[in-house]
Amino acid sequence: MNLVNKLFGTAPQPPAQDARLDQRLAAAIGPQLPDPIITPYEAISENYKTNQYKRWLNTGNDANAAQARYDRPFFYVNSTPKFKFERSDKFFGIGSCFARNIERELSAQGMTCLTEGTNIPPEFYADPRDPRAAMNKFNIPSMIDEIERAFDPDLRKDSRYIELSETEYFDPATSGLRLLSMEEHAIVRERIGETTRRIADADCVVVTLGLVEMWLDRESGLFLNTSPHTRAMRQEAKRVKDSGGRIQNRFVHMRPNFAFLRDQMHKLIHTIAKFAPRAKVVISVSPVPLQATMTADDVVASSSLSKSLLRCVAEDARQSFDHVDYFPSYEMVMNSPRDLTWEEDEIHVKGSLVSQVTGSFVDGWVKPEAGRPVRMRAAEAAANAPSHRAAKAPAEAAASLSAPAVQSAPAPAPELLSSYGPLSLISVHIPKTAGTNFIQALALIYGKPAIHTDYGTERDLTAARTPAPEIVADPATFARNHRVIHGHYHYLKYKDLFPGVPVIATLRDPVKRVLSQYRHMALHGDPNNERHQKVMAGELDPVQLSRFRFVGNAQAAYLEGLGIENLAHAIIQEHYARTVQDFCTKVGFDPQHPRIQELVATPINSREDTAWDTKAVPIDPGMADEIRQNCAEDMAIYQRALERFAS
């Protein structure tokens with residue numbers, strides 16, 4: 001039996017056919033398995049005294065027991081970090097799609113993610129994706145290959161691509177792209193390579209391990225990041241059949257064992273150390289399951305095996321390297337209540353849960369910043385949250401949310417009716433979109449005391465997506481006492497607490513919104529915020545600023561999880577008068593009311609005439625086209641909103 005069969009259990013093949021593959025795998029296998037971890041008696045005694053999370057059963061009033069934590073809407077898992085990062089440190093993420101989620105959350109909390117600004121043209125994707133989705137890496141060999149390929153020109157060969165026609169090629173090292181021409185692939189490769197080389201500046205590399213099942217391309221000798229394109233597999237099957245069995249299929253499916261995966265993990269750690277010598281590494285395991293298995297196993301069993309192997313590999317790396325640690329995001333997600341954790345596809349994790357997971361990482365691994373407002377730590381918030389089971393008592397919930405509406409406010413039109421009694425509107429004010437002006441209309445319609453304003457948490461993504469503990473503790477009372485929630489928060493913040501309440505948002509032309517935000521940073525920036533500092537010092541121009549997702553695609557970020565088709569209404573700054581008056585009509589308020597007429601006739605607050613008393617790079621109208629390219633997600637949202645609410 002040759003090495004391919006020994007490692008992966010594939011059907012026997014003629015030795016000559018697998019010679020090159022055997023050589024590659026033989027070089028990859030380490031000489032021995034790791035030694036067991038011995039815990040001395042003295043350490044056992046100390047652990048028993050100090051470990052507050054040691055018990056599964058709640059034998060008394062133990063909020064940290066696993067049994068007690070299962071009763072909470074977010075299952076916090078404790079860990080003791082080996083090291084800490086500064087908020088000013090630079091983070092680089094590599095791995096599965098869950099890595100992109102973590103990057104977005106860290107960026108929104110004001111930290112530097114080196115993958116931001118990766119701008120793969122949206123038309124290159126098979127369907128709408130995060131601009132960085134092409135960089136997703138689902139297995140360890142693909143991560144190694146991506147880093148080595150970025151720094152070694154000899155590895156950038158056209159033979160890596162799978163030809164399906166003269167104008168259609170498949171890149172098995174990327175994710176989510178449609179079939180592209182070689183010229184288009186060159187654009188993708190240049191942009192991914194440029195981003196990957198930024199790893200050299202990283203202080204922290206977050207590695208998110210995704211899957212174990214993988215494919216090997218016999219022709220190139222490379223492990224593929226994804227399954228081969230279906231057309232390529234059909235072509236190969238036909239080629240093998242036409243040969244009468246004299247040749248083998250180009251693609252080999254494999255489910256590696258622990259020894260292979262461990263060695264590849266060690267190789268990845270060494271590769272990162274070679275090109276990012278000062279970086280520490282934090283490993284996590286993606287909770288996103290295997291979508292389909294190529295084996296005869298149930299997909300649930302195969303996915304469980306995959307995650308178990310990767311969890312063991314991550315733990316071995318943590319034990320083997322002083323500069324490597326493990327963050328238990330996988331355990332937090334998998335043990336949180338399923339209905340509060342997963343989207344309807346039961347594959348992707350809800351943004352609100354990701355925010356809490358990332359908040360746990362920041363709490364544990366990132367030092368607090370002097371002068372920065374301190375929010376409730378994830379562990380404390382989880383311990384103080386009410387039981388999610390108690391929140392599901394349908395009779396009590398229905399009764400508590402059926403109080404009559406505030407008498408002084410008009411009854412909303414049918415399309416904006418809510419089953420939550422007084423709470424009838426969730427209003428998302430995306431920064432620099434006339435939301436400050438619009439709240440005056442809301443105060444007139446609903447009464448100022450009935451409006452709950454939610455501002456001041458937008459720079460901390462966990463806070464922008466996590467309701468205050470007192471609201472989580474008693475949403476029914478909150479709903480009875482308020483008609484509207486308005487402010488700089490993300491839709492995901494209240495999505496699960498008040499799922500029946502209509503949502504509106506304030507929107508604006510993305511390029512104008514970016515330039516307005518840039519101007520605000522340049523003239524009135526926060527000197528304690530690193531990104532603001534760079535703008536004010538002239539180190540970050542409007543185009544560069546627009547590459548940050550939460551700037552260039554802020555509207556997509558704030559409305560993540562909610563399609564434009566599900567918005568009850570949008571206030572569009574370029575059509576302010578019309579969309580405000582249409583809103584009045586929808587909620588049963590006179591659009592010709594004198595105060596409404598005055599509000600829509602008043603110019604929206606603008607600082608365009610303010611003297612440019614700053615070192616910041618002046619705004620150049622010629623930047624607009626490049627900024628527009630960086631705002632692809634927001635441009636799509638804005639166009640759909642115009643069609644729905646301003647056409």
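This report describes the strands, helices and packing of a predicted model.

**Overall make-up**

The secondary structure of the protein comes to 29 helices and 15 strands, and of its 647 residues 54% count as buried. Among the contacts between residues at least 6 apart in sequence, 75% join residues that are at least 24 apart.

**The five-stranded sheet and the helices on it**

Strands of a sheet pair through backbone hydrogen bonds, in either a parallel or an antiparallel sense. One open sheet in this model has five strands, which pair in the parallel sense and follow the order β2-β1-β5-β9-β10. Strands β2 (112-113) and β10 (324-326) stand at its edges, and because each has a single partner strand, one side of each is left without a neighbour in the sheet.

Within this sheet, strand β5 (residues 204-209) runs parallel to strand β9 (residues 280-285), and six bridges join the two; V206 has V282 of β9 as its bridge partner. Two helices can be described against this sheet. Helix α5 (residues 97-108) packs on the sheet and touches β1 (90-95), β2, β5 and β9, with a direction that makes about 160° with that of β1. Helix α6 (residues 140-151) also packs on the sheet, where it touches β1 and β5, and its direction makes about 145° with that of β5.

Strand β1 pairs with β2 in the parallel sense over two bridges, and F91 stands opposite C113 in β2. Like many details of this region, the setting of β1 can be put in terms of accessibility: five of the six residues of β1 are buried, so that the strand is mostly covered.

**Helix α5 in more detail**

How far apart should the ends of α5 be, at 1.5 Å a residue? The expected span for the twelve residues of α5 is 16 Å, and the end C-alpha atoms are 17 Å apart, which agrees. Helix α5 is mostly covered, with eleven of its twelve residues buried. The buried residues include F98, A99, I102 and L106, and also R100, E103, R104 and E105. After the helix comes G110, whose phi is positive, near 90°.

**Helix pairs involving α9**

Helix α9 (residues 258-275) packs against helix α10 (residues 299-320) and also against α6. The geometry of the two pairs is set out below.

| Helix pair | Angle | Distance between axes |
|---|---|---|
| α9 and α10 | about 45° | 9 Å |
| α6 and α9 | about 25° | 9 Å |

At about 45°, α9 and α10 are therefore oblique to each other, and α9 passes α10 in a right-handed crossing. On the α9 side, the contact is made by F258, L261, R262, M265 and H266, and on the α10 side by L309, C312, V313, D316, A317 and S320.

For the other pair, the angle of about 25° makes α6 roughly parallel to α9, and α6 passes α9 in a left-handed crossing. The residues of α6 that make this contact are I140, P141, M143, I144, I147, E148 and F151, while those of α9 are F260, L261, Q264, M265, K267, L268, T271, I272 and F275. Residues L261 and M265 of α9 are named both in the contact with α10 and in the contact with α6.

**The three-stranded sheet**

An open sheet of three strands has the order β7-β6-β8, with antiparallel pairing. Its edges are formed by β7 (222-224) and β8 (251-254), each of which has a single partner strand, so one side of each is left without a neighbour in the sheet. From one strand to the next, the twist averages 35°. Strand β6 (residues 214-217) runs antiparallel to β8, and four bridges join them; here W215 has H253 of β8 as its bridge partner.

**A glycine in a loop**

Is G456, at 65% relative accessibility, buried or exposed? Since the cut-off for an exposed residue is over 50%, G456 counts as exposed. This glycine is found in the loop between β12 (451-454) and α17 (461-465). From C-alpha to C-alpha, G456 and G487 are 8.7 Å apart in space, although 31 residues separate them in sequence.

Terms used:
Residues numbered from 1 in each chain as written. Predicted model: local features only at pLDDT ≥ 70, side-chain atom pairs only at ≥ 80, totals over all residues. Heavy atoms only, no water. Pairing = 2+ DSSP bridges. Contact = heavy atoms within 4.5 Å. Axes fitted to C-alpha atoms, helices over the stretch in contact; angles between N-to-C directions. Expected span 1.5 Å × (residues − 1). Buried < 20%, exposed > 50% of the residue type's maximum accessible area, 1.4 Å probe, protein only. Parallel < 35°, antiparallel > 145°, perpendicular 65-115°, else oblique. Left-handed = near helix turned anticlockwise from the far one by under 90°.
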